[in-house]
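This report describes a protein model, from its overall fold down to single residues.

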Amino acid sequence: MTERFSAGVLLYRTAGTDIEILLGHMGGPLWSRKDTGAWSVPKGEYEVGAEDPAAAAAREFTEELGLPVPPGPWTDLGDVRYRSGRGAKTLRVWAVRGDLDPALVVPGTFEMEWPPRSGTLATFPEIDRVGWFGLDVAVDKLVTGQRPFLARLTALLDPAAAAD
């Protein structure tokens, strides 16, 4: 099993006591009919020692959404290690408070053979939808391995709620 490393940005905004986070629905035919557990923090892989993880997170945010990370302080939410399609993955995420209009997103693309074993390469968006979600909805939409970041963000923004 190969260990891979990714970095991402969990963009959030607040309205009163409500917290919303920005998630992207994974693109391509394998995810097209899924909703629960099919959304992700904008993130991507980097090579340990060759690139700073925060720089990789900013680069991948821009590649996936076609927009830069909004200005604001970055808060390190740490690492989470989880199983992914091609083995284990360690994901490092930073929380950034900001706003972004999902209508302005111009996603990056990737190629894959589709239909399978056809020999034909097709191009798909890395993220086919972007939306803001309250934490109660986001926990169901987000891929399981990334859910610990929601608890960490909640604890950061409302330490009293984390103690309950």
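The text below covers the fold, the main pocket and a few residues of interest.

**Overall fold**

The model is predicted. The protein contains four helices and nine strands. Read from the N terminus, the order of these elements is β-β-β-β-α-β-β-β-β-β-α-α-α. The C-alpha trace extends over about 55 × 35 × 30 Å along the principal axes of the protein. For 164 residues a compact globule would be expected to show a radius of gyration near 15 Å, and the 16 Å of the protein agrees with that.

Of the 164 residues, 42% are buried. Among contacts with a separation of 6 or more, 66% join residues 24 or more positions apart. The exposed surface of the protein comes to about 8,600 Å², and 54% of this area is supplied by carbon and sulfur atoms.

**The largest pocket**

How much space lies in the largest pocket? The volume is about 870 Å³. The lining of this pocket consists of 32 residues, and Met-26, Trp-31, Lys-43, Ser-84 and Lys-89 are the closest to the centre. Two or more lining residues come from each of strand 1 (4-15), strand 2 (18-26), strand 4 (43-45), helix 1 (53-65), strand 5 (74-84) and strand 7 (109-113). Sorted by class, the lining has 12 polar, 11 charged and nine nonpolar residues.

**Strand 7 and the loop after it**

Met-112 is a residue of strand 7. Leaving aside residues up to four places away in sequence, Met-112 touches Pro-29, Leu-30, Thr-120, Leu-121, Ala-122 and Phe-124. One of these partners, Pro-29, is 83 residues from Met-112 along the chain, with a C-alpha separation of 9.8 Å.

The loop between strand 7 and strand 8 (121-125) holds Pro-115. The peptide bond that leads from Trp-114 to Pro-115 is cis, and its omega is near -5°. Arg-117 is located in the loop between strand 7 and strand 8 as well. Arg-117 is not a glycine, yet its phi is positive, at about 60°. Most residues other than glycine have a negative phi, and most peptide bonds are trans. Is Arg-117 buried or exposed? Its relative accessibility is 76%, so Arg-117 counts as exposed, the cut-off being over 50%.

**Helix 2 and the loop that follows**

Asp-136 belongs to helix 2. With a relative accessibility of 62%, Asp-136 counts as exposed. Arg-147 sits in the loop between helix 2 (135-141) and helix 3 (148-157). A relative accessible area of 25% makes Arg-147 partly exposed, a class that lies between the 20% and 50% limits. Outside the residues up to four places away in sequence, Arg-147 touches Gly-37, Val-139, Asp-140 and Leu-142.

**C-alpha distances**

The table gives three residue pairs with their spacing along the chain and in space.

| Pair | Apart along the chain | C-alpha separation |
|---|---|---|
| Met-112 and Pro-29 | 83 residues | 9.8 Å |
| Asp-136 and Glu-20 | 116 residues | 9.4 Å |
| Arg-147 and Asp-99 | 48 residues | 21 Å |

Asp-136 and Glu-20 are thus 116 residues apart in sequence with C-alpha atoms separated by 9.4 Å. For Arg-147 and Asp-99, 48 residues apart along the chain, the C-alpha separation is 21 Å.

Note on methods: Residues are numbered from 1 along each chain as its sequence is written. This is a predicted model: local features need pLDDT of at least 70, side-chain atom pairs count only at pLDDT 80 or more; totals for chains, interfaces and linings use all residues. Side-chain values use heavy atoms; hydrogens and water are left out. On a 1 Å grid over the protein atoms alone, a cavity is a set of points where a 1.4 Å probe fits but cannot get out, and a pocket is an open set with protein on both sides within 12 Å along at least five of seven lines; lining residues have an atom within 4 Å of a point. Grid points are joined across faces, edges and corners, and a volume is the space filled by probe spheres set on the points. Ala, Val, Leu, Ile, Met, Phe, Trp, Tyr, Cys and Pro count as nonpolar, Asp, Glu, Lys and Arg as charged, and the others, Gly among them, as polar. The radius of gyration is taken over C-alpha atoms; the globule rule is 2.2 Å times the number of residues to the power 0.38. Buried means under 20% relative accessible area, exposed over 50%, partly exposed in between (1.4 Å probe, protein chains only). Contact means heavy atoms within 4.5 Å. Accessible areas come from the Shrake-Rupley method with a 1.4 Å probe; for residues, only the protein chains shown count as cover.
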